[in-house]
Each structure stands twice: as structure tokens, then as C-alpha cells.
Amino acid sequence: MKEVTINGITLPAVGIGTWNVGDHPSQRQDEIAAIQAGINAGARVVDTAEMYGNGRAERLVKDAIAPFDRGNLFLIDKVLPQNASARLLERSLDRSLQNVGTDYFDLYLLHWRGTVPLLETVTTMEEMVKKGKIRSWGVSNFDVSDLQELWALPNGDHCVANQDLYNLDERGIEFDLLPVMRAHRLPLIAYSPLAQGDSISGKLATNKVLQEIAANHQATIYQVMLAWTLREPGVLAIPKSGSAQHAQLNVQASSLEFTSDELKQLADTFPKPTSKQPLAVI
Ligand SMILES: NC(=O)c1ccc[n+]([C@@H]2O[C@H](COP(=O)([O-])OP(=O)(O)OC[C@H]3O[C@@H](n4cnc5c(N)ncnc54)[C@H](OP(=O)(O)O)[C@@H]3O)[C@@H](O)[C@H]2O)c1
């Protein structure tokens, strides 16, 4: 099973996303069971945000993690940009801590950049670390120029991760952002690693190369997509699933190793960018 180290803690490289969970009461039990199946299969990271269902996802996470040892989990939450200020951040954080039923987050992310000056957010994040409400902080949807601005600030280099969109069909960050992050030993948290189940285009789901490689490994194409995001070190992927079976398959996907021929086939089919791309976001 592949691993990634964030803030000095080594974790299984597949975690659990929670966007859009908790929205439908009829699906709640399945969504809880899916998170629990992922944790039982070995996942330790659960990623949520105050934005998701306006706290509904956080409250579902609370119920899902209740049977587990909190100390073994690595909980990530995110603050909305408009709340990432000296005045509002702690209030958001306290509300999220209460929703999730914990007294600290392992990692607290700025969900994306807004109008609050970065220095104000960094300074407030540092205060929250000192108070013990978060163990570390990071950012999301940051491109190279955002990181450079961040690193130039006092304590800006205390940022321990950047969460960005990354999957076989969205390789833009490989041109410059990923190399810059690797040079700074900043882990990537890959969001939407399954291209949201390929629900929009279906392009990946019907791809012959993906299907062949999946068959080679007696795996599903989603496991191949997920394993591909983890083919190089320093990446944590956080697929979301409301199905216990999918959640288990996702954790198991981190053991899938590609041959060099398979990696070449995938690279030929889903080419790496050859120029700077605007940062893709969802
Ligand atoms: N920081 C940000 O701005 C940001 C933005 C987007 C997402 N995120 C985070 O990243 C997480 C993941 O991204 P996402 O939810 O957008 O999309 P995703 O994880 O790429 O895809 C989720 C979709 O894939 C399906 N799926 C999951 N596992 C599967 C499997 N093994 N086989 C077949 N289908 C499978 C799910 O359906 P089932 O439920 O039926 O399994 C769901 O429809 C989010 O939940 C959130 O925590 C962060």
C-alpha cells in the first residue's frame, strides 16, 4: 500500500472525500457505511469542508468516524475564503470542529483564494496551531504564483499541503506546479482523482486502454485511474464514494503497480501538458 507523509505523519495514500455526502437522508446510511468501509480497509484520511452541504458533510463524518480511534485518523477540513480572516476564521473552525465532533483537525486548508490578504490568513492559521485547534494548515486550488506569494510571507513555508484537481484527464499541474511542489517537498492532495466518476463526459469510462489495463490487473478502471494519480510519491488521493464496495476498492487500488509499458500507454492516451495550463478547478 502506497504512503504519503504530511506534516511528519506517514499515511496511506488513499483517503476519503466527502463532497456531496449527507445531502440526501435516504443515502445517509450507505454514505456512513462507505466511509467506515474505507477506514476498515486501511484509509486514515477523511477530507471534508464547511462548504459541503453547509456543514451536512461534516456532521455525517462525525457519525461515520464515531466507532474509530480518533488518534488513528487524519482529519482534513477547509475554511471558505470569505471566512479566512482574523475576525471569522476561528468561528468557522470552532463550528467545523463541533460538526465533526473533534477538538482538533490534523490539517486545515484555505479552500481557495479570496479577498482576505494571505498574510492575515497565515497569521490566523498559525494562531490556531498554537491554540491546538489544528495540527497543521495548508491551501487548496493554489497555482505556482499563489505558492510563491505564500512562501514569501512570514511563516508561509509552514504550509504542509496543497489540494488541487488532478486525474488522468486533468494533467495540467504536471507542467509546472507539481515540479515546483516536489522541489519544495510540498505534498499534493489530489481531488476528484476519479474525474467525479467520469459522470460528465463518460470519456474515461469507455476508454479501451483503461479497460485493457484494468483487465490486466483484474481491477476496475476507477482503480486504475486512482492508482495512476499515485504512481509518483508525494501524492494523497481523496476519492469520494457513497458505496462501501467502491470505498474498499479505492483503498485497495493503492497497491496496484503499473508496468512501464502500461504507463507509456496511459501517457500516450492521456498526454502530459506541453505548456502552462490555467489551473483547473471544480
Ligand atoms: N478542494 C477543492 O476545491 C475540492 C474540489 C472538489 C473535490 N474535493 C474533494 O475531493 C473529493 C473527491 O472528489 P469528487 O468527489 O469531486 O470526485 P471523485 O472522487 O473523483 O469521484 C466521485 C465519484 O466517483 C464514483 N466512484 C468512487 N469510487 C468509485 C469506484 N471504485 N468505482 C466506480 N465509481 C466510483 C462515486 O460514485 P459512488 O458514490 O457511487 O461510489 C462518485 O460519483 C471530494 O469529495 C472532496 O472531498 C475538493
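Me: Is Y52 buried or exposed in this predicted model?
Reply: The model is predicted, so local features need pLDDT of at least 70, side-chain atom pairs count only at pLDDT 80 or more, and totals for chains, interfaces and linings use all residues. Residues are numbered from 1 along each chain as its sequence is written, and side-chain values use heavy atoms, without hydrogens and water. Buried means under 20% relative accessible area, exposed over 50%, and partly exposed in between, with a 1.4 Å probe and protein chains only. Because its relative accessibility is 7%, Y52 counts as buried.

Me: Which feature does UniProt place at Y52?
Reply: Y52 touches T18, W19, D47, A57, K78 and H111, leaving out residues up to four places away in sequence; contact means heavy atoms within 4.5 Å. The unreviewed UniProt entry gives Y52 a feature, in the numbering used here, with a shortened name and possibly inferred rather than shown by experiment. That feature is "active site".

Me: Which residues touch the most other members of the largest nonpolar core?
Reply: A nonpolar core is a set of buried Ala, Val, Leu, Ile, Met, Phe, Trp, Tyr and Cys residues joined through side-chain atoms within 4.5 Å. The largest has 73 residues, and the members touching the most others are L147, L150, L210 and L266.

Me: Which residues does L147 contact beyond its neighbours within four places in sequence?
Reply: L147 is one of the residues touching the most other members of the largest core. With those sequence neighbours set aside, its contacts are V139, F142, N162, L177, M181 and L186.
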